[in-house]
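Good morning, and thank you for coming. I should like to take you through one model this morning, beginning with its charged pairs and ending with its surface.

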Amino acid sequence: SNTEALVERADKEKGVVIEAIDAQARLMCFLIFEAKASEIDGDPIDLALAAYNAGWSQVVRYEGIPPF
(Lines give C-alpha, C1' and ligand atoms only; values in the text may rest on other atoms or scores of the structure.)
Protein backbone atom coordinates (compact mmCIF):
# COMPACT_ATOMS: atom_id res chain seq x y z
CA SER A 1 0.00 0.00 0.00
CA ASN A 2 0.94 3.64 -0.25
CA THR A 3 1.34 3.95 3.53
CA GLU A 4 3.80 1.05 3.64
CA ALA A 5 5.82 2.60 0.83
CA LEU A 6 5.95 5.93 2.69
CA VAL A 7 7.08 4.22 5.92
CA GLU A 8 9.77 2.29 4.04
CA ARG A 9 11.01 5.48 2.36
CA ALA A 10 11.10 7.33 5.70
CA ASP A 11 13.12 4.51 7.26
CA LYS A 12 15.66 4.64 4.42
CA GLU A 13 15.97 8.44 4.67
CA LYS A 14 16.40 8.20 8.44
CA GLY A 15 19.26 5.74 7.90
CA VAL A 16 21.01 8.11 5.51
CA VAL A 17 20.71 10.99 7.98
CA ILE A 18 22.09 8.88 10.82
CA GLU A 19 25.05 7.81 8.67
CA ALA A 20 25.79 11.44 7.79
CA ILE A 21 25.70 12.50 11.43
CA ASP A 22 27.96 9.59 12.41
CA ALA A 23 30.46 10.53 9.68
CA GLN A 24 30.51 14.15 10.80
CA ALA A 25 31.02 13.10 14.43
CA ARG A 26 33.95 10.85 13.46
CA LEU A 27 35.52 13.70 11.48
CA MET A 28 35.18 16.16 14.37
CA CYS A 29 36.66 13.63 16.82
CA PHE A 30 39.59 13.11 14.47
CA LEU A 31 40.17 16.86 14.09
CA ILE A 32 40.02 17.40 17.86
CA PHE A 33 42.53 14.56 18.28
CA GLU A 34 44.82 16.19 15.69
CA ALA A 35 44.52 19.57 17.41
CA LYS A 36 45.38 18.08 20.81
CA ALA A 37 48.31 16.13 19.36
CA SER A 38 49.73 19.17 17.56
CA GLU A 39 51.90 21.82 19.10
CA ILE A 40 49.63 24.57 17.79
CA ASP A 41 48.49 26.99 20.48
CA GLY A 42 44.77 27.42 20.87
CA ASP A 43 41.67 25.67 22.06
CA PRO A 44 41.42 22.22 20.41
CA ILE A 45 37.72 22.68 19.67
CA ASP A 46 38.33 26.05 18.00
CA LEU A 47 41.17 24.54 15.97
CA ALA A 48 39.02 21.55 15.02
CA LEU A 49 36.19 23.81 13.84
CA ALA A 50 38.66 25.88 11.81
CA ALA A 51 40.00 22.66 10.30
CA TYR A 52 36.47 21.52 9.50
CA ASN A 53 35.89 24.75 7.59
CA ALA A 54 39.30 25.37 6.00
CA GLY A 55 41.06 22.01 6.23
CA TRP A 56 43.64 20.80 8.72
CA SER A 57 46.48 21.72 6.35
CA GLN A 58 45.41 25.38 6.54
CA VAL A 59 45.36 25.30 10.34
CA VAL A 60 48.90 23.88 10.27
CA ARG A 61 50.01 26.39 7.61
CA TYR A 62 48.82 29.37 9.67
CA GLU A 63 49.78 27.72 12.97
CA GLY A 64 46.26 28.37 14.21
CA ILE A 65 42.94 29.57 12.90
CA PRO A 66 43.33 30.77 9.29
CA PRO A 67 42.51 34.44 8.61
CA PHE A 68 39.77 33.56 6.14
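By a salt bridge I mean a side-chain nitrogen of Lys or Arg within 4 Å of a carboxyl oxygen of Asp or Glu. Please bear in mind that this is a predicted model. With that criterion, how many salt bridges does the structure hold? It holds two.

In one of them, the side chains of Glu8 and Lys12 meet, with an N to O distance of 3.5 Å. Both residues belong to helix H1, where they sit four residues apart, about one turn of the helix. Glu8 is partly exposed, at 47% relative accessibility, while Lys12 is exposed, with a relative accessible area of 55%.

The other joins the side chains of Glu13 and Arg9, at 3.0 Å from N to O. Because Glu13 and Arg9 are four residues apart in helix H1, about one helical turn separates them. As a reminder, an α-helix has 3.6 residues a turn, so residues three or four places apart point the same way. Glu13 is partly exposed at 42% relative accessibility, and Arg9 is exposed at 53%.

Let me now turn to the interior. Which residues make up the largest nonpolar core? There are 10 in all: Met28, Leu31, Ala35, Ile40, Leu47, Ala48, Ala50, Ala51, Trp56 and Val59. Three elements each give two or more residues to this core, namely helix H1 (2-37), H2 and helix H3 (56-61). The largest share, four residues, comes from H2.

Helix H2 deserves a closer look. Its buried residues are Leu47, Ala48, Ala50 and Ala51. They lie on the same side of H2, because the arc they cover around the axis is only 160°. Against what do the buried residues of H2 pack? Their partners are H1 and H3.

From the core, I would single out Val59. Setting aside its neighbours within four places in sequence, Val59 is in contact with Ile40, Leu47, Ala50, Ala51, Gly64 and Pro66. Of these partners, Leu47, Ala50 and Ala51 are among the buried residues of H2.

Helix H3 also contains Gln58. Is Gln58 buried or exposed? With a relative accessible area of 18%, Gln58 is buried, since the cut-off for that class is under 20%. Again leaving out neighbours within four places in sequence, Gln58 is in contact with Gly64, Pro66 and Phe68. Gly64 and Pro66 therefore appear in the contact lists of both Val59 and Gln58, where the criterion is heavy atoms within 4.5 Å.

The segment after H3 includes Glu63. Most residues other than glycine have a negative phi. Glu63, however, has a phi near 50°, a positive value in a residue other than glycine. At 64% relative accessibility, Glu63 is exposed.

Finally, the surface. Which residues make the nonpolar surface patch of about 280 Å²? They are Leu27, Phe30 and Tyr52. Tyr52 is found in helix H2, which covers residues 44-54. This tyrosine is partly exposed, with a relative accessible area of 38%. Helix H2 thus supplies four residues to the largest nonpolar core and also contains Tyr52, a member of the surface patch.

That concludes my remarks, and I thank you for your attention.

Notes
Residues numbered from 1 in each chain as written. Predicted model: local features only at pLDDT ≥ 70, side-chain atom pairs only at ≥ 80, totals over all residues. Heavy atoms only, no water. Patch = residues over 30% accessible without salt bridge, like charges linked within 9 Å, V, L, I, M, F, W, Y side chains within 5 Å. Areas by Shrake-Rupley, 256 points an atom, 1.4 Å probe, with all protein chains shown as cover. Buried < 20%, exposed > 50% of the residue type's maximum accessible area, 1.4 Å probe, protein only. Core = buried A, V, L, I, M, F, W, Y, C linked by side-chain atoms within 4.5 Å. Arc of directions from axis to C-beta.
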